[in-house]
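Ready to practise reading a protein model step by step? Have the sequence and the 3D view open, and try each task before you look at its solution.

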Amino acid sequence: MPKVKVPRKSTNIDMTAMCDVAFLLLSFFILTTSFKPDEALSVVTPKSVSTKAVDAKNAVTITMDAEGKVYFSVSDENPGEKETIISTVDQLRSLGLTEEEKKAFIRKGSFVGVPLSNLKSYLQLNADQIKNFKAPGIPVTDTLNNDLVIWMRAANTAFAGAKMQLFVKGDNNAKYPSFKGVIDAFKKNEIFKFSMITDPENAPPGTELFKKQEATGSKKAG
Amino acid sequence: MAEMDTSSGGGHKKGPGVKKSKKLSTRVDLTPMVDLGFLLITFFIFTTTMSQPTAMRLFLPKDTEKPEEQNKIKASGALTIMLGKGNQVYFYEGDDPTKIQASNFKDIRGIIINKKKSTDPKDFVVVIKPTQDATYLNTVDILDEMTINDISRYAMVDITADEYKLVQLTEQANGIK
């Protein structure tokens with residue numbers, strides 16, 4: 001009987017195809033990735049079924065941390081409005097801010113978490129000092145001394161022509177009174193529309209919203 | 001793919017005097033490159049922010065002192081939900097706060113749905129009253145619950161002193177600190 005010849009196959013696999021796939025995926029992830037911005041405050045936002053994406057343009061953000069301290073910040077894309085805001089606040093409360101101190105506010109990534117009475121000394125701090133600075137937060141819970149009202153009035157003036165997008169970014173553990181103080185500050189300035197920044201969540205199955213989303217096939221809500 | 005044909009005129013027999021030049025293979029081992037590729041992929045997968053934050057819209061009612069501008073609600077169609085400490089929810093139907101009942105975030109959905117089914121849609125309104133012990137998470141959760149259950153009429157109102165007292169009494173009775 002003739003011997004059956006088993007051809008010896010090389011164990012060398014052509015890696016080219018795999019390499020192609022790897023780099024294709026790599027380029028995809030490089031292009032789609034957006035790095036988390038370095039945030040001075042760590043805030044864990046609650047989840048909601050809302051699916052509207054956050055647009056950073058013309059954004060004014062009120063941040064509440066876990067202790068209920070309130071911070072005010074304006075999008076870095078609007079340096080002109082930032083300038084108007086700080087000048088208006090300066091005028092409204094006659095704080096006597098210098099050009100240097102105003103520039104500290106217009107600087108990128110700046111946010112304010114101090115009462116107006118301390119604003120001048122806060123803006124004199126340099127970047128390193130701010131990192132170690134323990135901000136007391138803008139006072140909001142006291143109805144008579146709600147500093148956020150002044151900030152919101154200034155923001156309203158600055159964004160008079162454009163459409164201001166107002167965001168509230170709160171931590172899960174922030175207490176309701178600070179949130180109420182923020183809402184009161186909005187109401188006093190006749191601002192009745194705002195958005196809360198949340199993490200996305202799917203609608204629970206079986207509910208009205210779930211059925212609605214199923215029916216339309218889209219995930220539009222809120 | 002990764003090799004190139006370097007033999008010129010393959011199959012030709014060269015003359016006896018021609019020196020056979022050594023043929024170098026151009027085949028490159030791509031395994032390290034693939035390794036590197038996947039390493040970078042894992043890096044980008046881990047650093048990428050998958051879920052973009054979303055915005056939840058809220059419209060506030062205008063504060064008004066004039067009674068003719070205020071929205072009147074029928075007491076029979078009202079469901080008042082109060083948020084207490086320790087993620088607890090208290091609710092009552094109609095306009096009698098003494099009929100307060102304790103609940104939690106899991107059960108409140110069923111209560112809302114039941115009330116919605118049993119009332120005329122024209123009269124149905126949910127009144128949300130967070131106490132000072134409630135967290136921001138509770139507030140967002142209950143507002144989210146309105147979206148989930150497709151409730152078009154709801155309002156966020158300050159809690160009255162009497163209601164807060166009732167909530168505190170119920171909290172004490174249930175041993176919630």
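The exercises below go from the interface of two chains to single strands and loops, and they use a predicted model.

**Exercise 1. The interface in numbers**

Task: Find how many residues of chain A are in contact with chain B, and how much area is buried between the two chains.

Solution:
- Step 1. Start with the contacts: 60 residues of chain A meet 50 residues of chain B.
- Step 2. Turn to area. The size of an interface is often given as the accessible area lost when the parts come together.
- Step 3. For chain A and chain B this buried area is about 5100 Å², and carbon and sulfur atoms give 67% of it.
- Step 4. Look for the top contributors on chain A. Y176(A), F192(A) and M196(A) supply 14% of the area that chain A buries against chain B, more than any other three residues.

**Exercise 2. Polar links and the elements behind them**

Task: Count the salt bridges between chain A and chain B, then work out which elements of chain A form its side of the interface.

Solution:
- Step 1. The rule finds 2 salt bridges across this interface.
- Step 2. Pick out K180(A) and D158(B): their side chains meet in a salt bridge, with 3.1 Å from N to O.
- Step 3. Widen the search to polar contacts, and you get 13 residue pairs between the two chains, with both residues at pLDDT 80 or more.
- Step 4. Now list elements of chain A that give two or more residues to the side touching chain B: among them are α1 (16-32), β5 (165-170), α7 (176-188) and β6 (193-200).
- Step 5. The largest share, 10 residues, comes from α1(A).
- Step 6. Sort this side of chain A by class: there are 31 nonpolar, 14 polar and 15 charged residues.

**Exercise 3. A strand pairing between chains**

Task: Decide whether β2(A) and β1(B) run parallel or antiparallel, and find the bridge partner of K52(A).

Solution:
- Step 1. β2(A) and β1(B), residues 54-59 of chain B, are joined by 2 bridges and run antiparallel.
- Step 2. Follow K52(A) across to β1(B), where its bridge partner is A55(B).

**Exercise 4. A covered strand in chain A**

Task: Explain why β3(A) is largely enclosed, and name the strands that pair with it.

Solution:
- Step 1. Check burial, which here means under 20% relative accessible area. In β3(A), residues 59-64, 6 of the 6 residues are buried, so the strand is largely enclosed by the rest of the structure.
- Step 2. Recall that in a regular strand the side chains alternate between the two faces of the sheet.
- Step 3. Apply this to β3(A): A59(A), T61(A) and T63(A) lie on one side, V60(A), I62(A) and M64(A) on the other, and all are buried.
- Step 4. Look for partners. β3(A) pairs with β5(A) in the parallel sense over 6 bridges, and I62(A) has V168(A) as its bridge partner there.
- Step 5. β3(A) is also joined to β4(A), residues 70-74, by 5 bridges, and these two strands run antiparallel. Here T63(A) stands opposite Y71(A).
- Step 6. Examine the hairpin of β3(A) and β4(A): 5 residues sit between the strands, and G68(A) takes a positive phi near 85°.

**Exercise 5. Two loop residues**

Task: Are L41(A) and N189(A) buried or exposed, and which residues do they touch?

Solution:
- Step 1. Place L41(A): this residue lies in the loop between α1 and β1 of chain A.
- Step 2. Its relative accessible area is 18%, so L41(A) is buried.
- Step 3. Leaving out residues up to four places away in sequence, L41(A) touches T63(A), Y71(A) and F111(A).
- Step 4. Move to N189(A), in the loop between α7 and β6 of chain A. With a relative accessible area of 10%, N189(A) is buried.
- Step 5. A polar atom of the N189(A) side chain lies 3.0 Å from the backbone oxygen of A185(A).
- Step 6. With the same sequence limit of four places, N189(A) touches V149(A), M152(A), R153(A) and N156(A).

**Exercise 6. A covered strand in chain B**

Task: Find how many residues of β5(B) are buried, and which strands pair with it.

Solution:
- Step 1. In β5(B), residues 125-130, 6 of the 6 residues are buried.
- Step 2. β5(B) pairs in the parallel sense with β2(B), residues 78-83, over 6 bridges, and L83(B) stands opposite P130(B).
- Step 3. β5(B) also pairs in the parallel sense with β6(B), residues 154-156, over 3 bridges. In β6(B), Y154(B) is the bridge partner of V126(B).

Methods:
Residues are numbered from 1 along each chain as its sequence is written. Chains are lettered from A and ligands numbered from 1 in the order in which they are written. This is a predicted model: local features need pLDDT of at least 70, side-chain atom pairs count only at pLDDT 80 or more; totals for chains, interfaces and linings use all residues. Side-chain values use heavy atoms; hydrogens and water are left out. Contact means heavy atoms within 4.5 Å. Buried area is the accessible area (1.4 Å probe) that two parts lose on being put together, summed over both. A salt bridge is a side-chain nitrogen of Lys or Arg within 4 Å of a carboxyl oxygen of Asp or Glu. A polar contact is a pair of N or O atoms within 3.5 Å; within protein, one must be able to donate a hydrogen and the other to accept it, and residues adjacent in sequence count only if both atoms are side-chain atoms. Helices (H or I, at least four residues) and strands (E, at least two) are DSSP runs, numbered from the N terminus. Ala, Val, Leu, Ile, Met, Phe, Trp, Tyr, Cys and Pro count as nonpolar, Asp, Glu, Lys and Arg as charged, and the others, Gly among them, as polar. Two strands pair if DSSP finds at least two bridges between them. Buried means under 20% relative accessible area, exposed over 50%, partly exposed in between (1.4 Å probe, protein chains only).
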